[in-house]
Amino acid sequence: MSALGLARLLLRRDLALAWRQRGQVLLAIAFFVLTASLFPFAIGPDPNLLARLAPGILWVAALFAMVLSMERTFQADFEDGSLEQMVLAGLPLPILSLTKALVHWLSSGLLVTLASPVVALTFSLPPQLYLTLLASLALGSLSLSLLGTIAAALTLGARRGALLVPLIILPLSVPVLILGVMAVQAEALALSATPHLLLMGAFFLLLLPVASFATPAALRQALD
Amino acid sequence: MHFLANPGRFVRIADRVLPWVSALAVVLVAVGLYAGLVIVPADYQQGDTVRIMYVHVPAAWMAMFVYASLAAAAASGLIWRHPLGFVIAQSAAPIGAAFTFLALVTGSLWGKPMWGTWWVWDGRLTSVLILFFLYLGLMALVEAFDDPKRGQKAAAVLALVGVVILPIIKFSVDWWATLHQPASIMRLDGQTTIHASQLWPVLVMALGFTAYYIAVLLVRVKQQVLASRLRSLQLAAADA
Amino acid sequence: MQSFDAFLAMGGYAAYVWPAILLTLAVLLWLAWSSVARLRRTQKSLKALEALGVERRPRRRKREG
């Protein structure tokens, strides 16, 4: 079977797994909503303040929710030997890594993005900003999923891995966070969000080759 | 580089070089501090607080320089399979973290009398803060595995990923800072009033810190090489 | 030339300048010292094992990485 054929198999199988465990997936979304909901308790319910801080709060909550689900990206397959099987069957590690990133995005980043307008509503974010919010979260979460695969592969088999993945990912996601929030804020100031979104796209394109080298290198270390 | 590839030979060279580099470090730092604290007059606007610059700026430079050299060592280990690449990278990380920590704290001590607050989210300090977290991540990753070699290799990959993303972090943080800071804020290296004649001790300190870095790095790499030798001896003893 | 008291006072900023300088020296000295101490511990253990006449295992040609 060709590499892409194997990748398609992996994609279908992982999505089926995610569907079967949709409780877990929904938990991550619930965590996103919950984290965001803590802020009104912390900073007060004033709608103007909430609307002003909404882009930042939503972005941080989305970041946390996505990081939660990253650690397990390769875990199950590594433990039951399927990872090795896939490699032996001829699935190149770069394609495997990108497929895993896609699965993570579909089951985490995309869903958080789709849930964001509902949360934005409770923060009195003006509706005309919703589109930019969606675009910024969608683009940003793509990069986050890539970073997540790198971190997940690096920490595979680590014994004290609990806070390791967030410690690795969060500093590296600062550019995404900054650009994502600034995009919505720019739109709010009637300036264009396009430069920010373009830069986020560029960052994602830069991460593609980085992740395609780094994740396989890390996986090889785990499999040796 | 391949000249230094043999661990045994590396240790022998390190032993010969170490006394000189250490002495150089002590002399340069002493001269730099004396110049910065005694010889150079107080700044017209900032007064004596400007003397903090003589440790803050070199520390910040070292924080970045150590990371760059760490990434180079990681690359040599991963791409060219230099046997000491991973060890050098691992040994450099705590030194870089120490310089980063010093840059942050001395920056804070400089900022308080200058701007009235202990911390300012300006571009430079914020970037250094993120760099500090990158160092912590590297060190944590090394320690997270039972097999030390696996930890070293993982940290090497992370170091390279970090070095690619670091300029982007710097760029985005600088952009973010300028958008949120009033334009009148002076940058911490006091570029507006400090005269060139006051700057030479900074260079001397930077050279002294570099010599220090090399010295401590040699000690730590030698320790790693010997520790690895020790482990294989312990394994052989267990077999016997 | 300033008097020694004036030197210590650092124009009124002593509370900021001296901690900065001293902390720098303290951290750098501590790092150097602890690195050397760790090296000495390893050297001691190594000498102890070598004195027992333990020989290195023959190095298998394992490919790195």
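This chat walks through chain B of a predicted model and its contact with chain C.

Visitor: What pattern does chain B follow along the sequence?
Guide: Chain B reads α-α-α-α-α-α. That is 6 helices and 0 strands.

Visitor: What box do its C-alpha atoms fill?
Guide: Roughly 70 × 40 × 30 Å for chain B, along the principal axes.

Visitor: How many of the residues count as buried?
Guide: In chain B, 49% of the 240 residues do.

Visitor: And what share of the contacts links residues 24 or more positions apart?
Guide: For chain B, 79% of the contacts with a separation of 6 or more.

Visitor: Let's try helix 1 of chain B. Where does helix 1 bend?
Guide: At V17(B), by about 40°. Helix 1 covers residues 7–39, and a proline, P19(B), follows the bend within four residues.

Visitor: Which residues of helix 1 are buried?
Guide: F10(B), A25(B), L28(B), V29(B), G32(B), L33(B) and G36(B).

Visitor: What do those buried residues pack against?
Guide: Helix 2 and helix 6 of chain B. Helix 2 of chain C, residues 14–51, is there too.

Visitor: On to chain C, then. How many residues does each chain bring to the contact?
Guide: Chain B brings 38 residues and chain C brings 29.

Visitor: Which helices of chain B supply at least two residues of that side?
Guide: Helix 2 (53–78), helix 3 (85–115) and helix 6 (200–239).

Visitor: Which gives the most?
Guide: Helix 6 of chain B, with 16 residues.

Visitor: How do the residues on that side divide?
Guide: The side of chain B that touches chain C has 24 nonpolar, 6 polar and 8 charged residues.

Definitions and conventions
Residues numbered from 1 in each chain as written. Chains lettered and ligands numbered in written order. Predicted model: local features only at pLDDT ≥ 70, side-chain atom pairs only at ≥ 80, totals over all residues. Contact = placed C-beta atoms within 7 Å. Nonpolar A, V, L, I, M, F, W, Y, C, P; charged D, E, K, R; others polar. Buried ≥ 20, exposed ≤ 12 C-beta atoms within 10 Å, placed from the backbone. Bend = angle between axes of the 7 residues up to and from the residue.
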